[in-house]
Amino acid sequence: PGEGGGAWTRSPVSVCLSVSVCVTVPPSLSPSHPALSHLSQLILSTAAEMSTSRSADCSEDEAKQKLLWNVKREVKQIMEEAVTRKFVHEDSSHIIGLCTVVEACLLYLLKRRAAGFLRSDKVAALFMKVGKIYPVAGDLCAKVQELQQQADNKKKPSDGQESLKRQGSISKPPTLTPQAIKHIWVRTALFEKVLDKIVQYIVDNSSKYYEKQALIADPVCGPILASLLDKEASIEWKHVGRQVCSFGTGICGVIASKFQN
């Protein structure tokens, strides 16, 4: 109102709302006009939706950063174990830990249809689906199925197999712990030196398998995950009772060099 409580001025008035949005109100519009009240409610509602969207985006970014941090943590722990023991045993808890966090990255916002018919084992479903197109993943599928068959045969050996074992005519298949079987896909890919290639392929073709907000589909986080695994092709495994990785070679040396740089 004008001085002395007179009529409203004829010049346009800017009304600033609490959401820091300024709206120019025509001079003929009364402050009690329903349109102004409706406009205020609409702006507040839109601002609330924008705030919720930003919060969701922030949560997704935090989740992706947490997943990557977990991968880096497991890599660092493997390095520390290598420094202490001079090698890393294939059944080390840190190897299982690395498999677990890599699986978490692969499963984050994986499209439902990418799991196919194997909803109970989405990692297996993803690798098998990629294996139909990518030969490296196809070879891994054959290797995993072979290991699974050997594990099943060991649980229920036939009379003929028992006889051959006693005669020493059949080689003993590798023993897989329950944890190794649980993470058999990522673990086998790690030891077969193809995990980096498969993850990179999935990152390059992420739109087929992942939602847009997924870590694998992220233009920054996806390549970072692949880069954390890209040196595993230089792993040199040695047999000392069971497979171990000597410090200074293979993944141990690669991890050490990464953290020293």
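At what angle do α3 and α7 pack, and how far apart are their axes? This is a good place to start in what is a predicted model. Two packed helices are described by the angle between their axes and the distance between the axes. Here, α3 and α7 pack at an angle of about 50°, and their axes lie 9 Å apart. An angle that is neither roughly parallel, roughly antiparallel nor roughly perpendicular counts as oblique, and α3 and α7 are therefore oblique to each other.

Now look at the side chains where these helices touch. From α3 come Val-123, Ala-124, Phe-127 and Met-128, and they meet Trp-185, Val-186 and Ala-189 of α7. By class, this contact has seven nonpolar residues, with no polar and no charged ones.

The two helices turn up again at a pocket. The second largest pocket holds about 240 Å³ of space. It is lined by 13 residues, and those closest to its centre are Glu-103, Asp-121, Val-123, Lys-182 and His-183. You have already met Val-123, as one of the α3 residues in the contact with α7. Which elements give two or more residues to this lining? They are α2 (93-107), α3 (122-131), α6 (178-182) and α7 (184-191). The most comes from α2, with three residues. In contrast to the contact of α3 with α7, which has no polar and no charged residues, the pocket lining divides into five nonpolar, four polar and four charged residues.

Next, step over to helix α1, which spans residues 34-85 and includes Lys-66. Is Lys-66 buried or exposed? The answer lies in between: its relative accessible area is 46%, and the partly exposed class runs between the limits of 20% and 50%, so Lys-66 counts as partly exposed. Lys-66 and Cys-105 are 39 residues apart in sequence, while in space their C-alpha atoms are 9.9 Å apart.

Finally, visit two loops, each with a residue whose backbone deserves a glance. In the loop between α2 and α3 you will find Leu-109. Phi of Leu-109 is near 55°, a positive value in a residue other than glycine. With a relative accessible area of 30%, Leu-109 is partly exposed. The other residue is Lys-193, in the loop between α7 and α8 (195-204). Lys-193 is not a glycine either, yet it has a positive phi of about 65°. Its relative accessibility is 30%, so Lys-193 counts as partly exposed.

Note on methods: Residues numbered from 1 in each chain as written. Predicted model: local features only at pLDDT ≥ 70, side-chain atom pairs only at ≥ 80, totals over all residues. Heavy atoms only, no water. 1 Å grid on protein atoms, 1.4 Å probe; cavity = no way out; pocket = protein on both sides within 12 Å on 5 of 7 lines; lining within 4 Å. Points joined across faces, edges and corners; volume = space filled by probe spheres on them. Helix = DSSP H or I, 4+ residues; strand = E, 2+ residues; numbered from the N terminus. Nonpolar A, V, L, I, M, F, W, Y, C, P; charged D, E, K, R; others polar. Buried < 20%, exposed > 50% of the residue type's maximum accessible area, 1.4 Å probe, protein only. Axes fitted to C-alpha atoms, helices over the stretch in contact; angles between N-to-C directions. Parallel < 35°, antiparallel > 145°, perpendicular 65-115°, else oblique. Contact = heavy atoms within 4.5 Å.
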